[in-house]
Each structure stands twice: as C-alpha cells, then as structure tokens.
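This report deals with how two chains meet and with the empty spaces in and around them. The structure is shown first.

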Amino acid sequence: MEFIAAYLPSAMMNDQTISQLPLALPEIVMLCMASIVLIVDLFLNDKTRGGTYILSQFTLLALVVITVMSFTQQKSIAFHGTFVRDGMGDLLKIFVYIVTFTVFLYSKSYLKARDMFKGEYYVLGLFAVLGMMVMISAQSFLTIYLGLELLSLCMYALVALQRDSIIASESAMKYFVLGAIASGMLLYGMSMIYGATGSLELATINAEVMKNTDNIVLIFGLVFVLVGVAFKLGAVPFHMWLPDVYQGSPTAVAIFIGSAPKIAAFAMTMRLLVDGLHGLHVQWQDMLIIMAVASLAIGNIVAIAQTNIKRMLAYSTISHVGFIMLGIMTAEKGGYTASMFYTIVYTLMALGAFGMIMYMSRMGFESDKLDDFRGLNQRSPWFAFIMLIFMFSMAGVPPFVGFWAKLSILKAVVAVDMTWLAVTAVVFSIIGAFYYLRIIKLMYFDTPQETSAIEGASDLRVMLSLNGIAILGLGLYPELIMGLVISVM
Amino acid sequence: MFETWPLLSLVIWTPIVGGMLVLATGGDKNASEARVLALLVAIITFALSIPLYTEFNTAKGSMQFIEHAEWMSLGDLRLYYHLGVDGISMPLIVLTTFITVIVVIAGWEVIKYKAAQYMAAFLIMEGLMVGVFSALDAALFYVFWEALLIPMFLVIGVWGGPNRVYATIKFFLYTFLGSVFMLVAFIYMANKTGNFEILQLHSLKLTMQEQMFIFVAFLLAFAVKVPMWPVHTWLPDAHVEAPTGGSVVLAAIMLKLGAYGFLRFSLPITPDASQELAWLMITLSLIAVVYIGFVALVQQDMKKLIAYSSISHMGFVTLGFFIVWAIYDKTTENTEMIITGINGGVVQMISHGFISGAMFLVVGVMYDRIHSRQIADYGGVANTMPTFAAFAVLFAMANAGLPGTSGFVGEFLVIMAAFKANPWFAFLAATTLIVGAAYTLWMVKRVFFGEVANDKVKALKDINSREFFFLSVLAVMVLFFGLYPAPLLEVMDESVENLVRHILQPKIPL
C-alpha cells in the first residue's frame with residue numbers, strides 16, 4: 001500500500017513537488033501545446049490547416065530552445081524518484097524534437113497529396129513526442145510504462161490514419177496486437193522485479209539487485225523486461241512487426257516510427273538495463289549478444305530479398321539495432337556512448353532515406369518499390385547523390401558519418417576483449433553492403449522507367465539536401481555530435 | 001618557396017574540390033566546360049605534386065612534408081590529420097597525379113554520357129588516392145582507402161561494358177570484404193596505443209599470436225587489392241567492364257595501394273608474423289607470377305590478357321617484399337640484397353603503373369574505333385595505323401620486360417634478390433620473362449601484324465594528336481626509367497633502408 005500512497009495526487013502535491021516542477025518544464029510545455037493544437041485544429045478547415053502544421057513546428061522549435069536553455073549536465077531526480085533530468089536525457093530530447101520537426105516537414109506534401117493533411121497527424125505526433133520525452137526522463141518502472149504506452153497508442157492510431165487503406169489497417173492491427181503482448185511482457189517482468197526488490201524506482205532497484213545478483217526471480221524478470229525492450233527496438237527475434245508496419249503504414253508515418261522512437265527506445269534500454277539492472281549485466285550481456293548477432297544476421301540477409309524499399313529499410317533497421325545493442329552489451333561507458341552516437345546517427349540516416357521516398361512519391365504514386373529508384377541519376381542527379389550519401393552511410397563506408405558510428409561501436413566491443421564479436425559484426429555489414437549498393441546500382445546504372453521530372457516541395461528539397469550534407473559533413477567531423485554525446489554520458 | 005606550403009593537403013584537396021566544381025557544371029550541355037575545368041584541375045594538381053619530388057630530401061629516410069593537426073577524439077581515442085611522405089610513397093603520389101592528367105585527356109571526346117560526372121569521379125579518386133599514400137594516421141588512411149571505392153564503383157558501373165553491374169558490385173564487395181578486417185585490426189591496436197598514428201603502431205610491441213591475426217587481417221585487405229592469387233578474380237572482371245580510364249587508374253594506381261599497404265603496414269607492424277608466414281607469401285607470389293602468366297596466354301580478350309598480366313607482374317612486387325628473411329643472413333647482417341629486392345618491388349610498382357596504363361590506353365584507342373576487345377576481331381592493324389602500332393609494340397616490349405624499358409629494371413632487381421634467397425625462386429620468377437614475352441608478343445602479332453583481317457580494320461584511321469600526345473608522354477616515361485632509373489632509386493633508397501632496419505628487429509615483447 002505504501003507505494004500507491006506515494007502516487008496519489010494528494011501525496012504528490014506537496015511543496016517539494018511543486019518546487020521540482022521546473023525540471024519537467026519541457027514535458028509540461030509539450031502537454032499544453034499538444035492540447036492547444038488539438039483545440040485550435042477544431043476551428044480550422046482544410047484551407048487553413050496550415051495553421052496546425054505551423055503551430056506544431058513552432059512547438060517543436062520552442063522546445064528545442066527551452067531544452068537548450070535549461071540544458072543541464074547535472075542529474076536531478078524529482079517527483080519521488082519517478083522522473084530524472086540529466087544531460088543524456090536532454091540531449092536525446094533535443095534530437096527527438098529535431099527529428100520530429102524534420103518528419104513533419106518531409107511529410108507535409110505527402111499528406112496533402114493523399115488527403116491526410118489533418119490535425120490528427122500532428123496531435124498524435126505531438127503526444128507521441130510527449131510519450132518519448134516521458135520515456136527518456138523516466139526513473140521508475142511506472143513512468144517508463146506510462147511513456148511507452150502513450151507513445152505506442154499514438155503510433156497505433158497513426159498507422160491506421162489512412163482509414164480506407166486495407167494494408168494500413170492490417171498493419172495497425174498487427175502492430176497493436178504484438179505491441180500489446182510486448183507491453184504485457186514488459187509489465188510482467190517489471191512486476192517480478194518489483195516482487196524481488198520491493199521497489200519501482202530504478203535507483204533503489206539497482207541497489208537491491210547489487211546485493212543479490214543470483215536471485216532467480218530477478219533473472220526471470222530481466223528476461224521479460226528485455227523482451228519488451230527488444231520489441232520496441234525491433235531486435236530479432238521480436239522484430240516480426242517491423243517490416244509489416246513499415247510497409248503497411250503511409251510513408252509519412254513509417255518515417256516517424258522509424259526515426260524518433262528509436263531514440264526513446266534507446267533511452268528506455270539505458271534506463272532499464274544500466275540505471276536499473278546494472279547488477280545483472282553479466283546476464284543481460286549474454287542475452288544482448290545473442291539478440292544482436294541474430295539481428296545483424298537476419299536483418300542484413302533478409303533485406304537482400306526485398307523488393308519494397310520500405311520493407312528493405314525495415315530489415316536494415318533491424319541490423320542497425322544489432323549494432324546499437326552491441327554497444328550497450330559492453331556494459332561500459334564507452335559502449336553506451338557509442339550506442340547513443342549510433343542511435344542518433346541512425347535516425348538522421350533513416351530520416352533521409354524515408355524523406356527520399358516521399359520526395360519521389362506524388363499523388364497516386366507511392367514510390368516505395370526499389371524499381372522506382374531506377375535511373376534517378378538521369379532524372380535528378382543532385383538527389384541521386386543525396387540518396388547515395390544515405391546509402392553509403394548506412395553501409396558504413398567512409399567518409400560518411402555512418403562509418404564513424406560503426407567504428408565507435410566496434411572500438412567499444414574490441415575494448416572489452418570481444419574482438420570475435422567485432423569480426424562477426426563486420427562480416428554481416430559486408431553482406432549488408434550489397435543491398436545498399438543495389439539501390440545505388442538502380443539509381444546510377446539503370447535507365448529510368450519514366451522520365452517525368454520530380455516535383456517535390458521546395459522546403460522538402462532544401463531540408464533533404466541539408467540532411468544529406470549533414471551526413472557528409474558529420475562524416476568529416478563527427479566530433480560535432482560525438483563530443484556532445486561524450487559530454488553527457 | 002614551398003617549405004611553408006601544406007603541399008600534401010593541396011595535392012589531396014585540390015582535385016577533390018575541383019571535382020566538386022566539375023560536378024557543379026551540370027548536365028551534358030556544359031560537357032566541354034567540364035572537360036576543360038577537369039583538365040585544368042588535373043594539371044594544377046600535377047604541378048603541385050612536382051615540388052614533392054624536387055624538394056624531397058633524399059638523404060632522409062624518415063617522413064617529410066609532415067602535416068599534423070588534431071582531427072577529433074572518439075571516446076578515448078585520438079585521431080589526427082597526419083600526413084607525410086617518404087621515398088616510397090612520394091613517387092607513387094607523383095605517379096597518381098601524372099596518370100590522372102593522362103586519364104582526363106584520354107576520356108576527352110570518348111566519354112559523351114555524363115562527362116562532368118566522369119571527370120569529377122576521376123579527380124575525386126585522385127585526391128583520395130594521394131590521401132591513401134600520404135596518410136600517417138591509420139583512421140585517416142582507412143577513410144581514404146574506403147572512400148576510394150565509391151567513385152570507382154560508379155565509374156565502372158556507369159560507363160562500363162555490358163556486364164558492368166556484376167563486375168562493379170564484385171569489385172566493391174571483394175575490396176570491402178578485405179578492408180573491414182583491416183579496420184578491426186586497426187581498432188585492436190588503437191585500443192593499445194590510444195591513437196591511430198601509424199608510426200606509433202610501427203613500434204607497438206605485439207605477441208606472436210596477435211601479430212598473426214593482424215597479419216592475416218592486413219593480408220585480406222591488401223591481397224585483395226594487389227590482387228594476389230587466389231583472391232584476384234575480381235580484377236579481370238573489373239578491368240574488362242571498366243571504361244578505359246577506369247582500367248588505367250585501376251591498373252596503374254589502385255593495385256599499388258595493396259602493395260603499398262604491405263610496405264607501410266604488414267612488414268613494419270607485424271615483422272615477426274611476416275617472417276613466419278613469408279613462405280606463404282612467396283608461394284602465392286610465385287603462383288601469381290607463373291600460373292597467372294599462363295592464364296594470360298590463353299585469353300581471347302585483350303583487356304583480360306592485360307589484367308592477368310598485371311596480376312602476374314604484381315606478383316613480382318610482393319615477391320620482392322617478402323623474400324627479406326630468406327635473404328637475410330644473421331651472421332653478416334648484410335642488408336644490401338634485401339634492399340635490392342624491396343627497391344625492385346617499388347620500381348616495379350612505378351613502372352607497371354606506366355606500362356599497364358599505357359597498355360590499357362592502347363586497347364582503349366582501338367576499342368573506341370571498333371568497339372571490340374576480342375583479339376580475333378583484329379589483325380593487321382599496323383597496316384592502317386602505323387604510328388599507333390609503333391607505340392603499341394613499344395609498350396608490349398616493355399610489358400614483356402625488354403631491357404631498356406622500365407619493365408626490365410624492377411623485374412631484374414627482384415630476380416637478382418630472389419637468386420640470393422633461393423635460386424629456385426629466381427628460376428620460377430624468371431620464367432615470366434619468357435611467358436610474359438609469349439603472351440604479349442603473341443597478342444601483338446595477332447592484332448597488329450599480318451594481313452588486314454576485315455573491313456573494319458581496313459577503315460581504321462591512325463591516332464589523332466590527342467592520342468599521340470598521351471601515348472608519347474607515356475612512351476618517354478617508360479624509356480626514361482628503363483635507361484636511367486637512378487632518380488627513382490635515389491629517392492627511395494634511404495627510406496627502404498630505414499624500413500629494412502625496422503623490420504629486421506623482432507617486435508615480440510620479452
């Protein structure tokens with residue numbers, strides 16, 4: 001009964017809690033703004049819908065400013081140990097805003113062309129961002145779960161946004177059912193750990209775990225928690241939803257699912273495994289190794305067989321998750337830093353790749369087949385070059401930033417004397433290089449099926465170019481992000 | 001006047017930035033501007049690389065023209081922008097800038113589709129190759145090394161022959177496969193030293209087991225690039241499908257990257273493992289020299305023939321490098337013959353750069369006219385193209401290693417050193433003088449001499465002034481280094497001695 005009392009509203013609203021409110025300023029602003037957007041949108045019609053879009057983008061930009069202004073390296077725990085504000089969280093949140101901003105920008109013309117330019121997309125998107133922020137700042141099992149469910153529910157609804165599309169409804173259903181099972185697993189694992197340690201707060205749990213690492217209940221709990229985490233990350237063998245959801249959902253939603261939530265999932269993994277269950281790292285290391293290698297293998301090999309580029313990117317995500325897990329697996333600071341760097345870099349690359357699909361699509365044409373990229377170099381040399389940057393970066397070829405992400409993971413893995421694991425990872429990335437090369441082959445070596453000019457909105461073109469140049473520029477000087485990541489870890 | 005110039009950076013970045021500018025000229029309607037700009041950039045780069053030779057201090061065996069700056073830190077690893085050349089890498093850099101000028105001229109009218117992209121790819125490649133030769137930080141080296149694959153991948157894939165997609169993907173994946181293991185080896189060592197500085201890796205103590213693993217990782221990377229038997233199969237495919245310029249750069253410079261890697265990394269970083277596995281390297285080299293020579297004999301396709309002959313000639317290079325321990329006699333500590341062997345290998349690299357480049361250009365000149373590389377489609381070309389045939393015969397002689405051409409010098413030095421190591425090595429290596437002459441001259445006979453084979457050959461026009469220019473420049477170089485190799489040997493002598501001193505000291509920690 002004791003913990004329930006701690007979460008009751010009457011108990012929460014004491015002076016201490018109120019004085020801690022500024023720590024959650026970004027979350028509070030986001031909640032208010034999301035609600036405002038929801039209400040404002042009621043008074044807008046299809047002609048003035050741009051207002052919703054501008055307000056949402058303004059919110060995200062304002063949050064970037066707020067978080068940057070109140071950026072703190074110091075770790076402060078608030079609200080009875082349920083909430084944490086630290087440098088890692090702040091940095092990840094800033095990237096969540098930027099990524100979401102880019103997602104909204106990329107998808108605007110796509111949504112317009114499909115009669116999906118509605119307030120729901122933005123409201124659900126903003127609430128999803130709020131969910132991610134809560135996940136990132138969570139310091140207890142309950143907050144983690146709260147954030148995760150807020151994010152997931154918004155995502156399920158977003159996937160089904162195109163109501164009359166059968167394939168979208170199907171993938172929303174799949175996503176929902178599998179996601180619910182994963183949440184159940186996570187909750188079950190959390191309850192076991194609660195049973196073993198008597199607390200929901202990560203710091204207390206960690207202290208308890210340290211005392212007795214052989215507790216079988218704890219290890220069972222860990223397994224279930226890890227299942228939930230692996231599902232959210234999309235690691236093998238809990239990856240089944242990913243290709244179907246990516247392929248089935250509208251590209252404007254797939255780009256969202258494929259980018260920002262990965263940052264939140266990374267944060268959740270860090271909070272759970274490192275802040276909460278570090279005492280069990282010997283156990284979760286082994287599990288992560290198996291899942292990482294399996295993800296690298298399945299992701300890279302199955303991607304070769306795909307003809308739909310969204311599906312191919314889904315499998316490529318799975319393989320990238322393998323790399324991210326390898327970094328966390330090291331259970332060392334160097335590995336966490338590398339994983340965080342990799343996650344951020346990955347989202348930037350995924351943004352670009354999906355952005356390209358939306359750039360090439362138009363009314364009644366999804367451009368999600370590999371063949372749609374045929375001969376792009378003849379139709380638009382500049383954007384073929386941008387896509388080339390994304391593909392080579394994903395394959396881990398220097399001088400693009402994807403290479404440095406892979407390098408730092410490999411470095412962390414070698415540093416803990418697991419050179420064999422690094423060798424395994426590079427072998428699979430060679431296999432992976434093939435399907436990225438195939439896209440480049442289609443764009444550069446083949447002749448286009450159609451020669452009509454590509455009509456992309458100018459803001460999309462500018463942002464996509466910036467995105468590509470960023471991948472190249474960060475490749476020449478990755479310390480811009482790496483330095484930030486190191487400073488907060 | 002050049003002391004204060006960051007010459008190496010200029011030679012790296014001028015062509016890369018220039019290549020971007022060429023790209024910016026846009027589509028095919030501005031092709032002539034793109035060509036002129038590309039030529040200008042190539043010539044400027046070549047001019048910038050000349051002081052590297054003239055200002056080079058031949059009495060010093062250590063690195064020169066050093067540029068050293070902080071690049072970044074990745075976690076606790078520090079990366080540096082560290083450039084420098086010694087007598088081994090400097091000639092290769094000048095070769096690179098020289099060949100690029102030739103390639104730009106050779107692709108002048110021939111490339112009509114996306115000329116700007118073609119020229120830009122070669123300029124960017126030039127900068128990256130110079131970067132590989134001058135990087136003194138292993139991470140920087142790796143960045144240049146891998147980035148190089150991208151323009152070459154596109155060059156073969158976009159402007160190549162009918163089977164280009166297969167060839168270029170094979171090329172990319174083969175080389176990528178080799179080099180990622182090298183990356184893991186670099187990371188392994190960098191975790192010990194805290195940075196990627198090559199010169200510090202040279203003095204890093206490593207146990208025999210570590211050295212073995214690292215040596216094998218390096219071997220995978222460099223053997224694919226050289227290429228050594230049995231990982232050579234990508235090369236004939238890539239050569240056959242690549243456009244002429246691609247073949248020239250591939251044969252003249254890219255293959256040298258692998259051999260350079262052996263000298264810069266394998267030998268000095270893992271000398272004990274190199275000694276232990278020298279038998280393997282010598283065997284592979286001799287197989288390349290002899291067996292691949294015979295394979296070249298039966299080729300029907302001229303480019304394939306030259307590709308196989310390249311593999312065979314590169315076998316000499318690796319042979320020259322790895323007979324070190326077979327020659328070395330601990331009692332006398334005489335290193336003269338060792339130096340001769342390595343010198344021979346390096347001279348062979350440079351000379352092969354000129355000769356193989358020239359041979360591919362010769363084939364390219366004919367291909368532009370008749371669009372066939374099959375030997376059977378030609379015959380009696382000398383009757384319709386006499387000037388051209390004179391050049392072709394000269395280069396063929398050089399390819400066969402005729403004394404007086406640069407092809408002879410390197411092979412002679414290596415055979416001499418090999419004789420000291422083991423007369424059998426020398427005997428096997430020397431068979432190439434016969435086999436090489438056989439396949440080259442037989443091709444020349446079938447293509448150039450005899451009766452005019454068909455109407456297409458009858459209609460051939462002799463080379464124009466552009467073609468005359470690049471062939472004659474190459475001919476002069478081939479003859480010059482054949483008759484007077486001293487300038488080349490002088491430059492590298494001190495550096496090779498330095499290297500030999502280093503690799504003869506065991507590195508295993510006591």
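The text below takes up the interface, then the largest pocket, then the cavities.

The model is predicted. In it, 35 residues of chain B are in contact with 38 residues of chain A. The area buried between chain B and chain A is about 3400 Å², and carbon and sulfur atoms give 81% of that area. Across the interface of chain B and chain A, zero salt bridges are found, while seven residue pairs, both at pLDDT 80 or more, are in polar contact. On the side of chain B that touches chain A, at least two residues each come from strand 1 (64–74), strand 2 (77–85), helix 5 (138–147), helix 6 (149–159) and helix 7 (164–193) of chain B. Helix 7 of chain B supplies the largest share of that side, 15 residues. By class, the side of chain B that touches chain A has 25 nonpolar, six polar and four charged residues.

The largest pocket holds about 1000 Å³ of space. Its lining is made of 39 residues, and F385(A), L472(A), M20(B), L23(B) and I124(B) are the closest to the centre of the pocket. Both chains contribute elements with at least two lining residues each: helix 19 (381–395) and helix 22 (458–476) from chain A, and helix 1 (7–24), helix 4 (115–134), helix 5 and helix 6 from chain B.

A search of the whole structure gives six cavities of 30 Å³ or more. The largest cavity has a volume of about 130 Å³. Among the residues lining the largest cavity are M135(A), Y175(A), W241(A) and the two lysines K232(A) and K262(A). Helix 8 (141–159), helix 11 (216–233) and helix 14 (260–276) of chain A each give two or more residues to this lining.

The second largest cavity contains about 80 Å³ of space. Of its 13 lining residues, G396(A), K406(A), S429(A), V180(B) and L183(B) lie nearest its centre. Two or more residues each are given by helix 20 (401–415) and helix 21 (419–445) of chain A and by helix 5 and helix 7 of chain B. The largest share, four residues, comes from helix 20 of chain A.

The linings divide by residue class as follows.

| Lining | Nonpolar | Polar | Charged |
|---|---|---|---|
| Largest pocket | 33 residues | four residues | two residues |
| Largest cavity | nine residues | one residue | two residues |
| Second largest cavity | nine residues | two residues | two residues |

Technical notes: Residues numbered from 1 in each chain as written. Chains lettered and ligands numbered in written order. Predicted model: local features only at pLDDT ≥ 70, side-chain atom pairs only at ≥ 80, totals over all residues. Heavy atoms only, no water. Contact = heavy atoms within 4.5 Å. Buried area = accessible area lost by both parts, 1.4 Å probe. Salt bridge = Lys/Arg side-chain N within 4 Å of Asp/Glu carboxyl O. Polar contact = N/O pair within 3.5 Å; in protein donor to acceptor, adjacent residues only side chain to side chain. Nonpolar A, V, L, I, M, F, W, Y, C, P; charged D, E, K, R; others polar. 1 Å grid on protein atoms, 1.4 Å probe; cavity = no way out; pocket = protein on both sides within 12 Å on 5 of 7 lines; lining within 4 Å. Points joined across faces, edges and corners; volume = space filled by probe spheres on them.
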